[in-house]
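Reader: I have some labels to check. Please justify each one with a value and a cut-off.

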Amino acid sequence: MPHEPRIVSGVEIVPLCDAVGPMKEPVRKPLPEMFAGAMFAPGEEWVLHFHCYLLRAAGRTVLVDTGIGGADAPATWAPLPGRLGGELAAAGAAPADVDVVVLTHLHSDHAGGAVAGGAPAFPNARYVVQRTETEWASGPVRELILDPLRDRLDVVDGDAEFVPGVRVLHTPGHTPGHQCVEVGDLVMSGDAVLHPVQVADPSIPYVYDEDPDLAVRTRKDILARAAVLAPSHFPDPFVHVR
């Protein structure tokens with residue numbers, strides 16, 4: 001657990017680094033194709049940091065995203081296996097201690113660790129997901145992640161405060177049911193903001209956004225709203241944006 005936690009509005013926020021590494025085939029592309037219109041050094045490689053966040057708020061333990069999962073997880077394009085278990089232990093938490101899991105969206109690098117051995121990996125937790133995300137999910141993500149969580153899901157429609165001081169914000173574009181988590185003036189932004197170039201220019205699209213135009217509008221809204229971002233894939237888990 002190399003990153004220091006922060007306390008924001010009475011909520012402790014602990015960054016957990018699940019993995020570090022570049023994308024693998026078949027999703028890997030040159031950075032200028034990933035982020036059209038942005039400037040990069042020749043041959044520059046995108047080394048992703050896969051951050052999750054542990055929150056302690058109002059006597060509850062909340063986990064924002066579950067990382068890429070174990071060696072048999074569906075995120076074969078990512079640096080498997082993830083190390084979330086060790087990161088949780090270093091933060092003084094066990095899977096059974098987690099009361100709430102928020103999945104920002106159902107891409108495999110954010111939800112792959114939600115299930116282990118065909119069962120919920122956090123056995124005492126409720127899993128918060130946007131309804132539009134559950135309706136959109138298909139294929140291996142539905143079969144391997146969403147279906148095993150069926151009895152543990154708390155499906156929400158839009159913005160909601162599920163623990164005092166901790167809110168989810170429906171932030172569509174990257175996926176239809178993408179959601180961010182807001183604590184005070186800090187926003188855990190999932191994949192709404194993927195690369196630092198999008199902080200400097202939020203109009204820069206990402207090749208794998210489901211709705212690129214909507215993603216741009218959402219990104220601008222988040223950057224106008226937050227003073228601090230806690231992004232999923234930046235090297236630094238806390239980034240001041242104003």
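Reader: What makes the link between the side chain of Gln198 and the backbone oxygen of Ile204 a polar contact?

Author: This is a predicted model. In it, a polar atom of the Gln198 side chain lies 2.9 Å from the backbone oxygen of Ile204. The cut-off is 3.5 Å for a pair of N or O atoms, one able to donate a hydrogen and the other to accept it. The distance is within the cut-off, so the pair fits.

Reader: Which backbone nitrogen lies 2.8 Å from a polar atom of that Gln198 side chain?

Author: That of Leu194. The 3.5 Å limit applies here too, so 2.8 Å is within it.

Reader: Why is Gln198 called buried?

Author: Gln198 has 0% relative accessibility. Buried means under 20%, so Gln198 qualifies. Gln198 is found in helix H6, residues 197-200. Beyond its neighbours within four places in sequence, its contacts include Phe35, Tyr206, Arg219 and Leu223.

Reader: How do you know that E3 and E4 pair?

Author: Pairing takes at least two bridges. Strand E3 (residues 47-57) and E4 have five, in the antiparallel sense, so they pair. Arg56 stands opposite Thr61 in E4. Two residues lie between the strands of this hairpin, and Ala58 takes a positive phi near 50°.

Reader: What makes E4 and E5 a pair?

Author: Three bridges, in the parallel sense. At least two are required, so the two strands pair. Leu63 stands opposite Val101 in E5. With helix H2 (residues 84-90), E4 and E5 make a right-handed β-α-β unit.

Reader: Why is E4 described as mostly covered?

Author: Four of the five residues in E4 (residues 60-64) are buried.

Note on methods: Residues are numbered from 1 along each chain as its sequence is written. This is a predicted model: local features need pLDDT of at least 70, side-chain atom pairs count only at pLDDT 80 or more; totals for chains, interfaces and linings use all residues. Side-chain values use heavy atoms; hydrogens and water are left out. Buried means under 20% relative accessible area, exposed over 50%, partly exposed in between (1.4 Å probe, protein chains only). A crossover is right-handed if, with the strands pointing away from the viewer, the path from the first strand over the helix to the second runs clockwise. Contact means heavy atoms within 4.5 Å.
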